[in-house]
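Here's a quick walk through one structure, with an eye on a helix, some backbone angles and the cysteines. Have a look at it first.

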Amino acid sequence: MSKHVYCRHSHEIEVPFFDVDPMHIVWHGNYVKYLEVARCAFLSSIAYDYNEMGRQGFSWPIVQMNFKYIKPAVFGQKIRVDLAVVEIDSCLRIDYVISDAQSGIKLTKASTTQAAVSLETGELQFQTPLSWLEAVRRHPSFVEAV
C-alpha cells in the first residue's frame with residue numbers, strides 16, 4: 001500500500017564549491033542542508049515558515065531523519081529536491097528525492113519527521129496545531145486523505 005501524499009514541492013540548488021570535498025563530491029552532511037533549503041521553500045509557499053511557527057507558539061524540531069545515498073552530487077551540478085508531505089496530523093513527515101535537475105537521475109532518498117513543541121510549556125504536541133493544518137491545506141497541490 002502506498003503512502004498518501006498531501007502535497008508536493010520542488011526546489012533546485014546548484015552545488016557550491018564549499019559543499020564538496022577534495023574529490024569535488026558533496027560531503028554527506030551537506031545533504032541535510034539541501035533538505036532544509038527545500039523544506040524552507042515549501043514552508044514559505046504556504047506562509048508558515050519558522051518565524052510564523054514561533055508566532056503561533058510552536059517550535060518544530062527534527063525528531064527523525066533518514067538517508068539513502070545512491071550516487072554523489074558534484075561541484076557545480078544543478079540538483080532538484082522533490083519533497084512529498086506524507087503526514088500532517090500527528091507530525092510533519094516529508095519524503096525527499098534529490099536528483100540531477102537535467103537528467104532526473106536519482107542521487108539520494110531521505111525523510112524527515114518534525115514534531116510540534118509548545119514554546120510556552122515545552123511539551124511535545126501529539127496532534128499538530130490547527131494553524132499548521134490550515135496552512136498546509138493552502139498549498140496548490142494539497143490533496144486531503146480519504
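What follows covers one helix, two backbone angles and two cysteines.

Keep in mind that this is a predicted model.

Let's start with helix H1, which runs over residues 30-45 and so has 16 residues. From its first C-alpha to its last, H1 reaches 23 Å, close to the 22 Å expected at 1.5 Å a residue. Quite a few of its side chains are tucked away: Asn-30, Tyr-31, Tyr-34, Leu-35, Ala-38, Arg-39, Phe-42 and Leu-43 are buried.

Now for the backbone on either side of H1. Most residues other than glycine have a negative phi. His-24 goes the other way, with a positive phi near 65°. You'll find His-24 in the loop between strand E1 (7-14) and H1, and at 36% relative accessibility it counts as partly exposed. Just after H1, Ala-47 takes a positive phi too, about 55°, although Ala-47 is not a glycine. Its place is the loop between H1 and helix H2 (50-55).

Then the cysteines. How many disulfides does a search of the whole structure find? The count is 0. Why does Cys-7 have no such bond? The closest cysteine sulfur, in Cys-91, is 14 Å from the sulfur of Cys-7, too far for a bond, given that a disulfide needs the sulfur atoms within 2.5 Å. Both cysteines are listed here:

| Cysteine | Relative accessibility | State |
|---|---|---|
| Cys-7 | 1% | buried |
| Cys-91 | 6% | buried |

Methods
Residues are numbered from 1 along each chain as its sequence is written. This is a predicted model: local features need pLDDT of at least 70, side-chain atom pairs count only at pLDDT 80 or more; totals for chains, interfaces and linings use all residues. Side-chain values use heavy atoms; hydrogens and water are left out. Helices (H or I, at least four residues) and strands (E, at least two) are DSSP runs, numbered from the N terminus. The expected span of a helix is 1.5 Å times one less than its number of residues. Buried means under 20% relative accessible area, exposed over 50%, partly exposed in between (1.4 Å probe, protein chains only).
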